[in-house]
Every structure is written in structure tokens, then in C-alpha cells.
Amino acid sequence: MALHVRGVLLPDDEVRDVWLDGDRVTFDPVPDAETVADSGFVLPGLVDAHCHLGIARGATPVTSLDQARTLARTDRDAGVLALRDAGSPYPYPELDDEPDLPRLARAGRHVAPPKRYLRDIGLEVEAAEVTAAVTAQAAAGNGWVKLVGDWIDRGVGDLAPAWDADTMAAAVAAAHAAGVRAAVHTFSESAVEIMVKAGVDSVEHGTGLSLDLIDLMARQGTALVPTMINIRTFGGIAAAARPKFPGYADHMLALRDRFPEVVRAAHEAGVPIYVGTDAGGGIDHGLAAEEMLLLHEQAGMPAVDVLAAASWRARQWLGFPGLVEGGLADLVVYPEDPRRDLRVVRTPSRIVLRGRVVR
């Protein structure tokens with residue numbers, strides 16, 4: 001049965017009637033449609049642009065499709081109706097079009113340096129094998145490749161780039177040659193500089209960004225997914241590392257402490273910013289609303305820009321059209337205006353995915 005929703009449609013800020021005819025949005029009345037909301041504030045379904053359905057608690061690979069489904073449903077029930085999986089050790093292409101799960105944009109496995117990433121999570125390769133690994137993982141995903149740009153180098157005692165600069169630039173080029181976009185995990189100053197200058201499509205975390213790089217990202221249209229929830233864990237990482245690697249510990253704390261200002265500067269410069277939680281492993285799924293609040297309260301992003309970063313702009317970026325004629329039938333309804341009080345995003349009153357009522 002077709003569905004009908006009436007409310008203040010964002011970002012248009014107009015009271016509109018919307019019909020969901022199967023998995024299609026239309027503004028032309030559909031006879032006999034069931035009205036499922038007749039007031040409130042209506043947004044295209046939310047997005048978590050950095051999560052991992054293939055990584056279970058404890059940073060271990062999931063072992064079944066049912067585990068991945070459960071994680072995806074946790075996000076769905078919070079109003080997150082599209083996900084970008086930024087690297088999965090467990091393949092699950094069967095879930096791409098599953099009717100009761102969020103829409104999926106996904107990478108294959110992380111392409112990582114040997115013995116310098118989470119055990120059993122990445123595909124660990126030497127520099128000579130990187131471009132071939134990127135090409136293979138491009139085919140394993142559905143539009144993205146995930147690169148590990150840096151991690152602790154125990155020989156150095158601090159963060160260091162995963163490979164030499166030429167290899168890292170070649171990895172980005174290999175992704176583009178395969179017809180996919182490249183996302184890069186970076187914490188350090190040196191790795192993020194290499195990857196932004198190489199033309200990577202999105203920077204994940206990006207704690208090492210400088211003002212000059214932020215300006216370059218804005219000119220190139222390079223996206224930033226800050227995962228501020230993840231950055232809050234740096235204190236625990238530093239404490240565990242301090243006995244053996246005190247320099248690394250100090251570096252991680254310094255990166256954490258300056259990060260809200262980094263994100264603020266990126267927003268002010270016009271860098272495209274999207275909401276991502278890094279759920280999977282050490283961070284629970286279903287926390288997109290908390291990430292949105294951190295972007296607003298710590299980084300100073302206006303509520304309407306945070307909503308865009310979590311909804312209509314993020315969906316456009318990932319190729320999931322929002323509430324436009326012929327768009328996809330995903331929406332969330334809030335009883336109050338989230339632009340006035342962003343905390344409202346914690347409690348959607350109605351969730352509709354693929355033209356079906358979830359809540």
C-alpha cells in the first residue's frame with residue numbers, strides 16, 4: 001500500500017504532502033494511500049557514513065550474515081536508513097538490497113600495511129602489492145575502497161604513514177582507475193597530507209589536518225568524516241600505550257584535544273563534512289544522533305548543517321536520492337524542529353524505509 005506523510009519538509013522548510021508509492025517518492029497524490037504522519041518535521045532518512053557491519057565487538061570479524069543484519073537493524077531503528085561500510089573483513093553482498101535493512105554503500109576489506117593494523121581486519125600487503133590489492137578490493141565492494149593511511153610504527157614509536165608516498169598516491173589512482181572512490185583512515189599529519197594531495201575522495205578521522213590542507217580539501221571537494229565519537233577514545237588508547245610508547249601517547253592526546261577546532265575550521269572553509277560514527281569493534285551501532293550532537297556542541301556546526309551532513313547532503317553524496325520527485329522512499333519524522341533543538345534526533349516519531357513503516 002502507498003503511504004502518505006504530511007509535515008514540514010526539510011531542507012525546503014515548507015509544509016508538504018509526500019506520497020511513497022512503493023520505494024518511490026512523489027508529490028502527486030496517490031489514491032487510497034495510508035497516512036502515517038500528519039504533522040512534525042520530515043527529513044530524508046539519516047546516514048552513518050562511516051561504520052563497519054563486518055566487525056563485531058572486540059574488533060573481531062563477524063562470522064555470519066545474521067550478525068551483520070543485527071548491527072544494520074540497530075542503525076535502522078535509530079533512523080539511519082543508509083550506511084557506508086568503510087571496510088569489512090566479512091563479505092556480505094547479499095545484504096545490498098535486503099528490504100528491511102538500510103541501503104548500503106560499502107568497501108571491501110581495508111588495504112593495510114603488514115602487522116600495523118587491527119589483527120584479522122585488514123588485507124595486509126607490502127608496498128609492491130598495494131595497487132593489485134586495491135583493484136581486487138574495488139571489485140569486492142560496491143563503489144568504495146578503504147585504505148589505511150597510517151598506524152603506529154613500533155620501530156618509530158609513533159604514528160607513521162602506511163607506505164611510502166608514491167605507493168599511497170598509486171593506491172588512490174588504482175581505485176579511481178577501477179571506477180570507485182577511495183576513503184583513507186588517517187590520524188597523523190604526514191599521512192593525511194600525502195593522501196589529500198593524491199586526490200583521495202574522503203578523509204576518515206583526519207585529526208592531523210592543517211589549515212593549508214583544509215583549504216586544499218575545500219578546493220578539491222574532498223570530504224571529511226570526522227567520527228568524533230571515535231576520537232573521544234584516544235585517551236584510553238594513549239593510556240594503554242604510554243608504558244612502551246610515551247611519544248605516541250602524547251601525540252594521540254594532542255590530536256584529540258585540537259580536533260574540535262580542526263572540524264570547525266573545515267566546516268568554515270567549506271569542506272564537505274558527513275556524519276559517521278565508526279561503529280563496529282569498539283563503538284556501538286545506533287549512535288549517529290550522538291555524533292551529530294558532538295559536531296554541533298564541540299565543533300560548533302550549526303544544527304541545520306549537521307542535519308544536512310547526516311541526511312540530504314550525505315544521501316546525495318552516496319547516491320541515495322532523498323525526498324525529491326522520483327527519490328527513494330526513506331524518511332524520518334520528528335515531533336519538534338531539530339534545527340531548534342538537535343537533541344530531537346535521538347527520538348524519531350516515525351521511520352519509513354523503502355516505503356515500509358519501521359516505526
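Let's start at S311, which sits in the loop between α10 and α11 (312-318). Please keep in mind as we go that this is a predicted model. Is S311 buried or exposed? It is buried, with a relative accessible area of 0%. Setting aside neighbours within four places in sequence, S311 is in contact with L43, P44, G45, L46 and V47.

Two of those contacts, L43 and P44, take us to strand β5, residues 41-44. From this strand, F41 and L43 point one way, while V42 and P44 point the other way. All four of these residues are buried. Now, what does β5 pair with? With β1 (residues 3-9) it pairs in the parallel sense, over two bridges. With β19 it runs antiparallel, and four bridges join the two strands. V42 is a nice residue to click on here: it is the bridge partner of L9, and it also stands opposite V333 in β19.

While we are here, a word on annotation. UniProt, in an unreviewed entry, places the feature "domain: Amidohydrolase-related" at residues 41-338. In the model, the end C-alpha atoms of that span lie 8 Å apart, and the span is 39% helix and 19% strand.

Just after β19 (331-334), in the loop that leads to β20 (350-353), you will find R340. Compare R340 with S311: R340 counts as exposed, because its relative accessibility is 77%, over the 50% cut-off. The C-alpha atoms of R340 and G221 are separated by 29 Å, and the two residues are 119 places apart along the chain.

Let's go to the inside. The largest nonpolar core has 101 residues, and V134, L147 and M292 have the most contacts within it. Helix α8, residues 246-269, gives the most to this core, with eight residues. If you select L147, its contacts beyond four places in sequence include V111, V134, A171 and M195. As a general point, nonpolar side chains in soluble globular proteins tend to be buried together.

M292 belongs to helix α9, and is one of its buried residues. How many of the ten residues of α9 are buried? Seven of them, so to speak a mostly covered helix: A288, A289, E291, M292, L293, L294 and L295. Among the elements covering them are β6 (46-51), β9, α6, α8 and α10 (303-310).

Helix α7, residues 234-241, makes a good companion to α9. Its buried residues are F234, A238 and A241. Why do I say they line one face? Seen down the axis of α7, they fall within an arc of 70°, so they line one face of the helix. That fits with the helix repeat: at 3.6 residues a turn, residues three or four places apart point the same way. Turned away from that buried side are the exposed residues A239 and A240. The buried residues of α7 pack against α6 (228-231) and α8.

My last stop is Y92, in the loop between β9 (80-85) and β10 (103-106). This tyrosine is buried, with a relative accessible area of 2%. Which residue does its side chain meet in a polar contact? That partner is the side chain of D85, at 2.4 Å. Y92 also touches L53, G54, L65, L104 and R106, again leaving out residues up to four places away in sequence. H205, by contrast, is 25 Å from Y92, C-alpha to C-alpha, and 113 residues apart from it in sequence.

Terms used. Residues numbered from 1 in each chain as written. Predicted model: local features only at pLDDT ≥ 70, side-chain atom pairs only at ≥ 80, totals over all residues. Heavy atoms only, no water. Buried < 20%, exposed > 50% of the residue type's maximum accessible area, 1.4 Å probe, protein only. Contact = heavy atoms within 4.5 Å. Polar contact = N/O pair within 3.5 Å; in protein donor to acceptor, adjacent residues only side chain to side chain. Core = buried A, V, L, I, M, F, W, Y, C linked by side-chain atoms within 4.5 Å. UniProt positions renumbered as here; feature names shortened; annotations may be inferred. Arc of directions from axis to C-beta. Pairing = 2+ DSSP bridges.
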